[in-house]
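Biologist: Pick one part of this model and take me through it closely, please. I'd like to see how the strands pair there, and then how that part fits with everything around it.

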Amino acid sequence: MKVYLDAVSIYGPGLPGWEASLPPLRGEMPYTGGDLPAFACTLLPATERRRAGKSVKLAMEVAQQAARQCGIDPAAPAMVFASSSGDTEVLSAICESLAGDDRMISPTRFHNSVHNAPAGYWSIAVGSRQPSNSIACREVTAAAGMLEAATQCVVEQTPVLLALYDIPFPFPLSAAEPIATAFGAALLLQPQQTPHSRFCLDVELTAVTTTEPLHDSEFETLRLGVPAAHLLPLLQQLAMNAAGTVVLEYIEPQSLQLTVTPLSQKGFS
Amino acid sequence: MTPLAITSSTLTNSLGRGQYATLNALRDNRSGLRPCDFMDAELATWIGKVDGLDDFAVTGTLAQYDCRNNRLAQLGLQQDRFIDAVENAKARYGSNRIAVIMGTSTSGILLTEQAFRQRDSETGKLPDSFHYTETHELSAVAEFSRRYLGLTGPSMAISTACSSSAKVFASAQRLIAAGLCDAAVVGGVDSLCFTTLYGFASLELVSPRPCRPADANRDGISIGEAAGFALLERVAAAPAGGIALLGYGESTDAHHMSTPHPEGLGARLAMERALQRAGLQTDEIDYINLHGTASKSNDGAEDKAVAGLFGSRTPCSSTKGWTGHTLGAAGITEAIIGSLCIEHGFMPGSLNTETVDPAFSSRILLHSRNQAVRHVVSNSFGFGGNNCSVVLGRIGA
């Protein structure tokens, strides 16, 4: 199943956007982590920005960066939002309230708790009536998101904006479900090659089950620590603008195989 | 689109275990709703509760998955010879070639709510026995169902609030059309929990009496729980005349996080896209199963969308007066009710509804009737303005 990549974005500790993240992704300098960049969230009106949770801001940040990179009207593509646990902070706050004396949780907190909150805020912000999906699949959420986005792109012949995002649980759920840090990435998929296409991506299920560890041990720690960061092997391949195959772990005994073919000299840089 | 056969289906909810319990209750005008008696919830509302889940613990190799939501999934999977149908499909396609896509809004959050009540008073820790990934993570019920059925095809959870288990049909169709699998188990499971009971109460969206969809005096929803599953295969694998998914349509409102577009624009777009994929005109639809939550805003907006597209001719009703609003399981519940209507030549009325809102223009059925049904549209709309409609009919009809 072939799709074309017109844009990519990344967010994580010490990874403030695609351009600035290229040196560590290419292995030109070691990845050392760092602070989480501030969210710009320019798409959200002030009132919504106050209401929205951190996961909404993260998902919208990476989605907006990708849309801007290729200049597509953000209302045009179908949306796939993928995250293992969505807004872990809102979920924790709700469970805490419900264990207390007053169980009446705040209405805003309740509507922010739905997994499709980013999809809702995004569609309102950009005025999109396109289909939007919100999915989850534990530590293999990146593969599931990629598969949903690619099948929708190819079968419906529509551009698809895939946004992957995860934020950590606060204590005490952090002990039961450790998510190491906030991480997000987005890809703009096209069913046919466009002037903005920089890669062809062949997406298939495969019996190969092992994902090769990333060479940079800090990146490998990030990959293993956050479900959304399981996309890092692909992001690294795109940063290097190199032909090759990456494997994302999925449902054993099958994995998702992504064969990358660069279409230009400079890739996304 | 190429239709997909629904070769097996099953439904468990407050009306009983197995899809014929639902069919019989629809025919007998028997509601599954009762005054809220869920654990220690103190809410003046009615609920659609599935009895006996305490006796259906998940045990053995899947014991870590034990929670109310997965118990409900397990009880549901055991009805209507659904497992036999999946075994049969496994023998034909192989377990790698059957996908499992499940909708849920809150997964097993009840267990996390309970764990928070049992925090260690000194350290604040949750009990050691608590397993989050297997119970509450949103794909827990997809993973439980996949393992319970012994399937290894593509899998994921869809969580778009109350449209979740309608959208599973769309994603499954795409996976099959793309050749990544030959069949798919789709479904939805949502179970009672304090998050939704108190969350909808805080939004002042729950009714103090059994919900009355489309009624002039409707005053909110009744929350229910349900598990539903369907096995989808290419039509070549199924007998002519069997039930099929003919189309689906997805849209977003781009309006508000918790209230639908007042003119129902997103809802109408979902229905239009579903009809287009099915290659059907509005006059070929015999019955519409409405989302019909009995909230003021949903039913009003949906009426505008339905009347705008279908006029005042097509019979429609919400079945939430029977089952309650089963949230992430509503899509699959009502798709299967739609297929039962086609199979048994039956249209349910709008239970509990006394006087249809005089502002409504669509043709709300107050009383059930026996009548041939060729094609059904089933609507599911969720928070965040997330809409999905499906069209059902017969293979080769």
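Modeller: A quick ground rule before we zoom in: two strands count as paired if DSSP finds at least two bridges between them. Strand β4 of chain B, residues 46-48, meets that with β8(B), since two bridges join them, and the two strands run parallel. Keep in mind that this is a predicted model.

Let's stay with that little sheet for a moment. At one point along the pair, I47(B) sits opposite I223(B) of β8(B). The whole sheet is open and has three strands, in the order β3-β4-β8 of chain B, with mixed pairing. The edges belong to β3 (34-35) and β8 (223-224) of chain B; each has a single partner strand, so one side of each is left without a neighbour in the sheet.

Now for strands that pair across the chains. Strand β4 of chain A, residues 132-136, pairs with β6(B) in the antiparallel sense, over two bridges. A136(A) stands opposite A157(B) there.

On its own side, β4(A) is also tied to β3(A): four bridges join them, and here the strands run parallel. V80(A) in β3(A) has N133(A) as its bridge partner in β4(A). V80(A) has a bridge partner in β5(A) too, namely L162(A). That second pairing, between β3(A) and strand β5 (residues 160-166) of chain A, is parallel as well and has five bridges.

So how covered is β3(A)? Strand β3 of chain A takes in residues 78-82, and five of its five residues are buried. That goes for both faces: A78(A), V80(A) and A82(A) are buried on one side, M79(A) and F81(A) on the other.

L162(A), the partner of V80(A) in β5(A), turns up again in the packing. The largest nonpolar core has 191 residues, and L162(A), I101(B), A184(B) and L232(B) are the ones that touch the most other members. Take L232(B) as an example: leaving out neighbours within four places in sequence, its contacts are L4(B), A5(B), I6(B), A172(B), A183(B), A184(B), V186(B) and L245(B). A separate core of 35 residues lies apart from the largest one, and its members include C95(A), I105(A), L192(B) and L205(B).

Back to where the chains touch. Chain B puts 55 residues into the contact and chain A puts in 54. On the chain B side, each of α4 (109-117), β6 (155-158), α6 (164-177), α7 (194-202), β10 (243-252) and α8 (265-278) supplies at least two residues. The largest share of that side is six residues, and it comes from α7(B). By character, the residues on the chain B side are 22 nonpolar, 23 polar and 10 charged.

One of those elements, α4(B), deserves its own look. Eight of its nine residues are buried, so the helix is largely enclosed by the rest of the structure. The buried ones are I109(B), L110(B), L111(B), T112(B), E113(B), Q114(B), A115(B) and F116(B). They pack against helices from both chains: α4 (88-98) of chain A, plus α2 (68-77) and α7 of chain B.

Finally, step back to the chains as wholes. Chain A has 10 helices and nine strands. Its radius of gyration is 18 Å, close to the 18 Å that the globule rule gives for 269 residues, so chain A is as compact as a globular protein of that length. The C-alpha trace of chain A spans about 60 × 40 × 35 Å along its principal axes, and 57% of its 269 residues count as buried. Of the contacts in chain A between residues at least 6 apart in sequence, 72% join residues at least 24 apart.

Chain B has 11 helices and 17 strands. Here the radius of gyration is 20 Å, close to the 21 Å the globule rule gives for 397 residues, so chain B is as compact as a globular protein of that length. Its C-alpha trace spans about 65 × 50 × 40 Å along the principal axes, and buried residues make up 66% of the 397. For contacts in chain B between residues at least 6 apart in sequence, 80% join residues at least 24 apart.

Technical notes
Residues numbered from 1 in each chain as written. Chains lettered and ligands numbered in written order. Predicted model: local features only at pLDDT ≥ 70, side-chain atom pairs only at ≥ 80, totals over all residues. Contact = placed C-beta atoms within 7 Å. Nonpolar A, V, L, I, M, F, W, Y, C, P; charged D, E, K, R; others polar. Buried ≥ 20, exposed ≤ 12 C-beta atoms within 10 Å, placed from the backbone. Core = buried A, V, L, I, M, F, W, Y, C linked by C-beta atoms within 7 Å. Rg over C-alpha atoms; globule rule 2.2 N^0.38 Å.
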